[in-house]
Every structure is written in structure tokens, then in C-alpha cells.
Amino acid sequence: MKAEKTRRSPQPLLRLMPYVLRYKAMVAAAGLFLTLAAITTLILPLAVRRMIDHGFAASDTTFINSYFGMLLGLACLLAVSSAMRYYYVITIGERVVADLRGEVFARVTSLSPSFFDVNQSGEIVSRLTADTTQIKSAFGSAASQALRNTILCLGAMVMMILTSPKLSLLVLGAIPLIVFPLVGFGRSVRRRARAAQDTLAATSAFASETISANRTVQSFGAEAAATARYTSTVEDAYDAARVAIRSRAFLTGFAILMVFGSIVGVLWYGAQSVLAGTLTAGTLGQFVLYSVIAASSLGQLSEVWGDLSQAGGAAERLTELLREVPAIRDPESPLPLPAPARGEVSFDAVEFMYPTRTNAPALHGLSFHVRAGETVAIVGPSGAGKSTVLSLLMRFYDPQAGSIRLDGIDLRQARLADLRSRLAIVPQDVTIFAASIHDNIAFGQPDASREAVRQAAIAAQADEFISRLERGYDTMAGERGVTLSGGQRQRIAIARAILKNAPVLLLDEATSALDAESETLVQKALDGLMRDRTTIVIAHRLATILKADRILVMDNGMIVEEGTHQQLVSQGGLYASLARLQFEAGQTASIAAQ
Ligand SMILES: Nc1ncnc2c1ncn2[C@@H]1O[C@H](COP(=O)(O)OP(=O)(O)OP(=O)(O)O)[C@@H](O)[C@H]1O
């Protein structure tokens with residue numbers, strides 16, 4: 001009955017069994033010491049009865065001495081097995097959680113961007129930390145207590161029957177009355193605990209978003225509003241937690257009342273039997289001790305039940321995440337990309353809608369071809385679909401119709417790692433990781449030598465500013481490190497791309513203006529990078545556009561014009577007006593330089 005109970009409410013925890021079973025030796029050791037400790041506890045009441053019925057009655061000192069010696073031995077055994085049980089069980093908990101964290105992280109990082117379009121990163125981080133911690137405590141203490149108490153409870157019950165079948169019958173009759181409502185309550189506690197945990201995850205998502213956008217929040221004077229919103233979600237989490245706590249408190253109280261109430265009743269009956277002479281005092285004593293063990297372990301089980309149920313909620317959320325399949329995967333039998341790489345890109349009648357925005361296509365019948373070594377600039381108004389083109393080329397999403405090819409191979413037929421190794425991107429917003437400058441440049445290529453990294457930095461016009469930093473390439477950047485200027489960040493990204501040395505370069509030009517000096521340095525760095533490679537650039541600067549072999553003008557997910565700057569200006573279409581408004585304003589210096 002107990003096992004049945006253990007299985008039902010915190011059921012999702014069972015899905016973690018494969019993780020536990022990876023450590024069979026430790027599990028076996030934990031089981032052994034768990035059983036040993038329980039058996040030792042169960043022997044004690046036997047000793048007590050013998051003492052009451054024989055030892056005191058006979059006033060035999062040798063008997064008493066040898067009995068106490070044996071009790072001391074039992075106490076030692078109990079101490080050792082309890083310590084070992086604790087050690088193994090807690091270690092298994094830590095081990096399983098470490099494995100889980102690793103696997104959840106690996107899974108999450110492999111998921112496609114479409115997953116992150118609909119899931120907040122803060123919530124996922126909360127699953128990685130809060131949920132795994134809850135599972136750790138479940139495995140660490142709750143599971144071991146549950147097992148220990150289950151063994152104790154079952155063992156004590158068997159001993160109760162052996163001691164006095166009549167009294168036991170009375171107790172056992174009361175048990176279903178106690179257990180069934182407990183199982184029911186356990187379930188509702190679990191539901192409520194999950195609700196509390198969900199609310200908390202939403203809270204951490206909001207906190208991490210606000211804290212990372214701290215400057216924006218402050219510049220809009222939105223601290224108070226953000227705090228109010230956070231406080232209100234924290235309060236919601238508190239309310240949800242309180243509901244869960246209340247039902248758990250009720251569950252505990254109910255369990256204790258039922259268990260002890262029935263024991264008192266049974267004892268009263270037992271006492272009558274002793275008075276009537278049908279039961280010895282020692283046997284009643286022994287029975288009392290066993291029923292106290294059975295009752296207290298049942299009481300503890302009900303308490304641990306709540307913990308396990310909570311961890312069940314956490315396990316459910318984590319296994320959900322582990323079961324998440326990346327929308328973009330390697331094909332079953334991938335085709336190799338031709339070697340040596342040429343760097344030819346073609347879009348053929350590509351139709352694409354973001355999964356979160358199915359009412360309007362982001363790309364509509366898009367076709368273009370980029371020859372090996374060509375530099376193609378994509379321009380167009382905001383929202384035209386320029387960034388989407390790069391996302392599809394990197395296969396962050398698959399188009400709903402049409403095909404995209406690199407060197408003649410459809411992206412869906414190539415291995416993702418092969419495809420992405422042939423593309424280098426310099427994004428608009430460069431991410432600088434909390435790591436050394438060296439590691440930031442060598443990102444994705446941890447084996448790159450110091451010299452290779454330095455050469456890449458020199459080519460990216462970044463070596464000079466890096467050398468001026470206090471610890472040069474070993475300076476920590478990103479969070480808790482030096483803050484790099486916009487131009488420096490871009491040059492780090494260019495160095496990254498140079499080091500990667502991929503045949504196709506994707507460049508999302510920064511829209512934010514750099515000062516003249518940084519601008520020149522970035523431009524020089526890019527010139528070096530673009531040489532001898534196919535380059536697709538989302539262009540915002542006239543200088544870049546003028547250097548392109550061809551310009552594709554996009555609007556509403558389609559190519560509406562195509563040609564060189566001169567050709568397009570003389571056509572007097574969308575490009576001509578864009579050029580007037582967007583590129584030429586304030587760029588007289590760059591035009592003059594051409
Ligand atoms: N992750 C996304 N989920 C849903 N819709 C998106 C997503 N990213 C972009 N869109 C939508 O797709 C359309 C094309 O966006 P895209 O970012 O490609 O435009 P863009 O030309 O690069 O614009 P900008 O120059 O402003 O960066 C827009 O309408 C945009 O709102």
C-alpha cells in the first residue's frame with residue numbers, strides 16, 4: 001500500500017529513474033544501509049519487551065548487562081548505517097542534479113530560435129536552478145526519508161502482527177481510512193505547488209529581463225513601475241505558495257490526528273487486555289513501540305509526501321524541457337557540402353512566416369542568387385525582411401515553401417554544423433561574453449592559438465586597443481569586466497569572423513553611428529574581412545552600398561529593385577527615396593571619400 005502511495009503522487013519523479021540508475025553501485029549501497037538502519041530500529045522494541053518480561057522479572061544482572069551490551073552494539077550499527085545511508089543518498093541526489101543540469105542546458109542550447117520566440121529565457125533559467133534544486137532536496141532528503149519511513153512502517157506493521165494479531169487487526173483496519181484521504185490531499189498539494197512554482201518562474205523571467213535592461217529602465221525612469229510590477233508578481237507567487245502551504249499544513253495535521261487518534265484507541269483496548277490478563281505488559285510495551293514507529297513513520301511519510309509532490313512538479317517541468325525537440329535538426333542522411341567551398345548562395349521562391357506571426361509572411365516569393373566572391377547589399381525599409389534573410393540562411397528557421405541553397409545543396413539536406421561552419425556573421429548587436437578578450441575572439445574555436453587570435457585582432461584593427469588594456473588579451477570583458485565601446489565591440493566581432501575564416505560572410509551593419517575614427521577603423525577591418533569572400537550585407541551606410549557589386553532592395557518580404565547604386569538612383573524608385581532619406585543624410589563625408 002505504501003509503495004502504491006509513493007508511486008502515485010510524485011509520479012513525474014519516476015521519469016528521473018534512468019538518471020538514478022546510472023549509479024547502480026551507489027544506489028545498491030544506499031539501499032543496503034537504508035535497510036540495515038531500518039532493521040536495527042525495528043529490533044529495539046523486541047529487546048525492550050524481553051527486558052520488561054524477563055530481565056526485570058528475574059532481577060538477573062548478567063542478563064541485563066549482556067542486554068545492554070547488545071543494545072549498545074545495535075546503537076553503533078544504527079549510527080554507522082544511518083551515516084552511510086545519508087552519505088550515499090545525498091551524493092546520489094547531487095550527482096543526478098548535476099547530470100540533469102548539464103543535460104537540460106545542452107538541450108536548451110540546441111533548441112531552435114522558434115522555441116525562444118515563445119519561451120522567456122528567464123523562465124528557463126529558473127527551471128535550471130530552482131527546479132533542479134527542488135529535485136536535489138527531494139532526492140537528497142525526501143526520497144531517503146520516504147524510503148526509510150516506508151521500510152520502517154512496513155516492518156513495524158509486520159512486527160505488530162507478530163506481536164499481537166488482535167490489536168494489529170484493529171490498527172490495520174484504521175489504516176485505509178487514513179491513507180486514502182492522504183493520497184487525495186497529496187495530489188491537490190502537488191497541483192498547487194506546481195502553480196506556485198510557475199508563478200515564481202514568471203517572476204524570475206521578469207526580473208532577469210529588467211535587470212539586464214537596467215539602463216533602459218533607468219533612462220525611462222521606470223524603476224518604480226518595474227518594481228511595482230515585480231512586487232506584484234512576487235506577491236502572486238507568495239499567494240500561490242501560501243495556498244500550497246496551507247493545504248500541506250492541513251495534510252500534515254490531518255495525518256497526525258488520524259494516526260495518533262487511532263493508536264490511542266487501540267492502546268486503550270490493549271490496556272483493558274492487560275488488566276484482564278490476556279496480554280503481558282512486555283508484549284503491550286513492544287506493541288506500543290512498534291505502533292509508535294509505524295505511526296511516526298507514517299506521519300513523516302505524509303510530510304515528506306508534500307516535498308516529493310513538489311519535486312514531482314519540478315521534475316515534470318524539467319522532463320518537459322528535456323523532451324523538447326529542436327524544430328531544426330540534422331537530416332537523417334545529410335549530404336556533404338562541396339569541398340572546396342565556393343560560397344554560392346541562392347534563394348528560390350522562398351515563402352516564410354514566423355511561427356509566432358502566422359498572419360503576415362515575412363518573406364514572400366523571395367528569389368535571388370549570390371555568386372561566389374560577390375558582395376551583395378540588402379537594403380529596404382524597417383521590417384522589410386532583411387534580418388529574416390540572414391536568419392533563414394543560418395537555418396534558424398526553415399521556409400514553408402521554396403528552397404535555400406549553399407553551393408548547390410539545400411540547407412535542409414546538409415548537416416547543421418557543416419552549414420554554420422561555412423558562414424561567419426558580424427551581427428548588429430555584438431554579444432560580448434563574460435570572458436577574456438582572447439576567449440571572446442576565439443568564441444566557438446577554443447583551440448585557436450594565441451598568435452592566431454592576435455593576427456585576427458590585428459586584421460580587425462582591434463590589436464591596438466586590446467594591447468592598451470591593462471591585461472591585454474587576458475582582460476576580462478562583458479559583465480564584471482571592461483566595458484567596450486560600440487566600435488570596439490564591432491571590431492571584436494569582426495576579429496571573431498576573421499578567425500572563423502568562413503567562405504560566406506553575413507554582415508548586419510550597425511545602425512548606430514560611430515564616431516569618425518571608429519567608423520574608419522571598422523570600415524578598414526571590414527574591407528579586409530570582405531576580400532575574397534561572398535558577402536551578404538544588410539547595409540545602412542552609403543560607403544558599404546557603394547562598394548557592393550549589387551544591391552537588392554527589399555520591401556514587404558520581396559525584392560522590389562535590383563542593381564548598382566547609380567542604376568537604382570536613376571530609376572527613381574524605392575531605393576532612390578531611401579537613399580535620399582536614409583543613406584545620404586549626414587553621410588556627405590563618406591560620399592566625398594568615394
Ligand atoms: N522572431 C520573430 N517572430 C515574429 N515575427 C518576427 C520575428 N522577427 C521578425 N519578425 C517580423 O518579420 C518581419 C521582417 O522582419 P526583419 O527583422 O527581417 O526586418 P528587417 O528588414 O531586418 O528590419 P530592420 O531593418 O528594422 O531590422 C517584420 O514584420 C517583423 O515584425
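Domain bounds here come from an automatic or database domain assignment. Keep that in mind for the next few minutes. And note that this is a predicted model.

Let's start with the domains. The assignment gives three: domain 1 covers 2–323, domain 2 is built from 341–422 + 503–515 + 533–594, and domain 3 covers 430–501. How far apart do domain 1 and domain 2 lie, centre to centre? Their C-alpha centres are 58 Å apart. They do touch: five residues from domain 1 meet five residues from domain 2. On the domain 1 side of that contact, we have two nonpolar, two polar and one charged residues.

Now the membrane annotation. An unreviewed UniProt entry puts the feature "transmembrane region" at residues 21–47, 67–88, 146–163, 169–186 and 249–268. I checked two of these spans against the model. Residues 21–47 are 93% helix and 0% strand. The end C-alpha atoms of that span sit 37 Å apart. Residues 146–163 are 100% helix, again with 0% strand. There the end C-alpha atoms are 25 Å apart.

Next, the sheet. It is open, it has six strands, and the pairing is mixed. Reading across, the order is β6-β7-β8-β3-β9-β10. Which strands form the edges? β6, at 423–426, and β10, at 558–563; each pairs on one side only. From one strand to the next, the twist averages 20 degrees.

Take one pair in detail. β7, residues 504–508, runs parallel to β8, residues 534–538, over five bridges. Within that pair, V504 faces T534 of β8.

Two helices to point out on this sheet. Helix α11, residues 386–393, packs on it and touches β3 (375–379), β6, β7, β8 and β9 (550–555). The direction of α11 makes about 150 degrees with that of β7. Helix α16, residues 486–500, also packs on the sheet, touching β6 and β7. The direction of α16 makes about 170 degrees with that of β6.

Last, the ligand. There are 13 residues around the ligand. Which of them come nearest? Y354, S382, K386, S387 and T388. Which element gives the largest share of the shell? That is α11, with three residues. So much for position; now composition. The shell has three nonpolar, seven polar and three charged residues.

One thing to take away: look at α11. This helix packs on the sheet, and α11 also supplies the largest share of the ligand shell. That's it from me.

Notes: Residues are numbered from 1 along each chain as its sequence is written. This is a predicted model: local features need pLDDT of at least 70, side-chain atom pairs count only at pLDDT 80 or more; totals for chains, interfaces and linings use all residues. UniProt positions are given in the numbering used here, feature names are shortened, and annotations may be inferred rather than shown by experiment. Helices (H or I, at least four residues) and strands (E, at least two) are DSSP runs, numbered from the N terminus. Two residues are in contact if their C-beta atoms, placed from the backbone, lie within 7 Å. Ala, Val, Leu, Ile, Met, Phe, Trp, Tyr, Cys and Pro count as nonpolar, Asp, Glu, Lys and Arg as charged, and the others, Gly among them, as polar. Two strands pair if DSSP finds at least two bridges between them. Axes are lines fitted to C-alpha atoms, for helices over the stretch in contact, and angles run from 0 to 180 degrees between N-to-C directions. A residue is near a molecule or strand if its C-beta atom, placed from the backbone, lies within 6 Å of it.
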